[in-house]
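Please open the model in your viewer and keep the sequence panel visible. The stops below can be selected one after another.

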Amino acid sequence: MWSFFHKLGSPPWLYRISGSILRWLLPLTIVALFAGAVWGLLFTPPDFRQGNSYRIIYIHVPAAVVALAGYYVMAIAGAISLIWKMKMADVALRASAPIGAALTFIALVTGAIWGKPTWGTWWVWDARITSMLILLFLYLGIIALYEAYDNKEAAGKACAVLALVGTVNIPIIYKSVDWWYSLHQPASIKFTGESTIDPSMLYPLLFMITAFYALFTCCLLLNMRAELLSRERRTGWIARLVAESR
């Protein structure tokens, strides 16, 4: 276990292993996203109340779920960077932020599109929606904070602290519909108790959530590889990599 942990701190090893993973994970992810979208958007029955408008759930919910999980990934990377000074954790934090911001933006936009026929308005200052907007600002804040520093080591520390402080918002997002009056519907998928969504709609939704997790992983590895090439461009292993590719 500790041997693997130490290997993660090696830029050349991480670059090589991420390339091997991406060779099979990326095509599988593309196929899964296409299959899940077709299954959810074309082959599930219409909802008895919302008709076909609910089908945006197959984009909205996976994007929102993985955006929240992505913040935990970023915060954990920040904690590892602060405690063990692991350079690769700083790279992971930096690589996670734009992916999380994009997923959060997708969740907000698709939520607005879904809200118009359901609530009669594109936007309300609902507890869940507002806390998701704060999540977007946290992601964007970390991106901006990193770019604001010339000293990237100091930038990494500042971003790690902000990522850890921002984790207080994640349970608020999860529990907002239970703690405050909300137009937003409660969770349809429950790990304790019976889910309130019919299996014919649930299975493609779970499939799409899994596909979005795979998409996050692919994007994270691609971003980390790009960040490593940028940071390590003057090192010997990059020179050997370039020589081998010729």
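The tour goes from the whole chain to helix pairs and then to single residues.

**Before selecting anything**

This is a predicted model, in which local features need pLDDT of at least 70, side-chain atom pairs count only at pLDDT 80 or more, and totals for chains, interfaces and linings use all residues. Residues are numbered from 1 along each chain as its sequence is written, and side-chain values use heavy atoms, with hydrogens and water left out.

**Stop 1: the whole chain**

Select the protein chain and colour by secondary structure. Nine helices and zero strands are assigned; helices (H or I, at least four residues) and strands (E, at least two) are DSSP runs, numbered from the N terminus. Read from the N terminus, the order of elements is α-α-α-α-α-α-α-α-α.

The C-alpha trace spans about 60 × 35 × 30 Å along its principal axes. The radius of gyration of the protein chain is 20 Å, which agrees with the value near 18 Å for a compact globule of 246 residues. That radius is taken over C-alpha atoms, and the globule rule is 2.2 Å times the number of residues to the power 0.38.

Now colour by accessibility. Of the 246 residues, 45% are buried. Buried means under 20% relative accessible area, exposed means over 50%, and partly exposed is in between (1.4 Å probe, protein chains only). Of the contacts with a separation of 6 or more, 75% join residues 24 or more positions apart; a contact means heavy atoms within 4.5 Å.

**Stop 2: helix 2 and helix 8**

Select residues 11–42, which form helix 2, together with helix 8 (residues 199–231). The two pack at an angle of about 150 degrees, with their axes 8 Å apart. Axes are lines fitted to C-alpha atoms, for helices over the stretch in contact, and angles run from 0 to 180 degrees between N-to-C directions. Helix 2 is therefore roughly antiparallel to helix 8. Angles under 35 degrees count as roughly parallel, over 145 as roughly antiparallel, 65 to 115 as roughly perpendicular and the rest as oblique.

By class, this contact of helix 2 with helix 8 has 26 nonpolar, six polar and one charged residues. Ala, Val, Leu, Ile, Met, Phe, Trp, Tyr, Cys and Pro count as nonpolar, Asp, Glu, Lys and Arg as charged, and the others, Gly among them, as polar.

Stay on helix 2 and pick Leu26. Its relative accessibility is 32%, so Leu26 counts as partly exposed. Measure from its C-alpha to that of Thr217: the two residues are 191 apart in sequence and 9.1 Å apart in space.

**Stop 3: helix 5 and helix 7**

Select residues 127–148 (helix 5) and 169–179 (helix 7), whose axes come within 8 Å and cross at roughly 160 degrees. Helix 5 is therefore roughly antiparallel to helix 7. Show side chains for the contact: Ala127, Arg128, Ser131, Met132, Ile134, Leu135 and Leu138 come from helix 5, and Asn169, Ile170, Ile172, Ile173, Tyr174, Ser176 and Val177 from helix 7. These divide into ten nonpolar, three polar and one charged.

**Stop 4: helix 3 and helix 5**

Keep helix 5 and add helix 3 (residues 57–84); the axes come within 12 Å and cross at roughly 40 degrees. Helix 3 is therefore oblique to helix 5. On helix 3, show Ala64, Ala67, Leu68, Gly70, Tyr71 and Met74; on helix 5, show Met132, Leu135, Leu138, Tyr139 and Ile142. This contact has ten nonpolar, one polar and no charged residues.

**Stop 5: Lys85 and Lys157**

Where does Lys85 lie? Lys85 is in the loop between helix 3 and helix 4 (87–119). With a relative accessible area of 58%, Lys85 is exposed. Its phi is near 55 degrees, a positive value in a residue other than glycine. Most residues other than glycine have a negative phi.

Finish on Lys157, in helix 6 (residues 152–166). Lys157 is partly exposed, with a relative accessible area of 40%. Leaving aside neighbours within four places in sequence, Lys157 is in contact with Leu82 and Lys85. Gly78 is 79 residues from Lys157 in sequence, and their C-alpha atoms are 7.7 Å apart.
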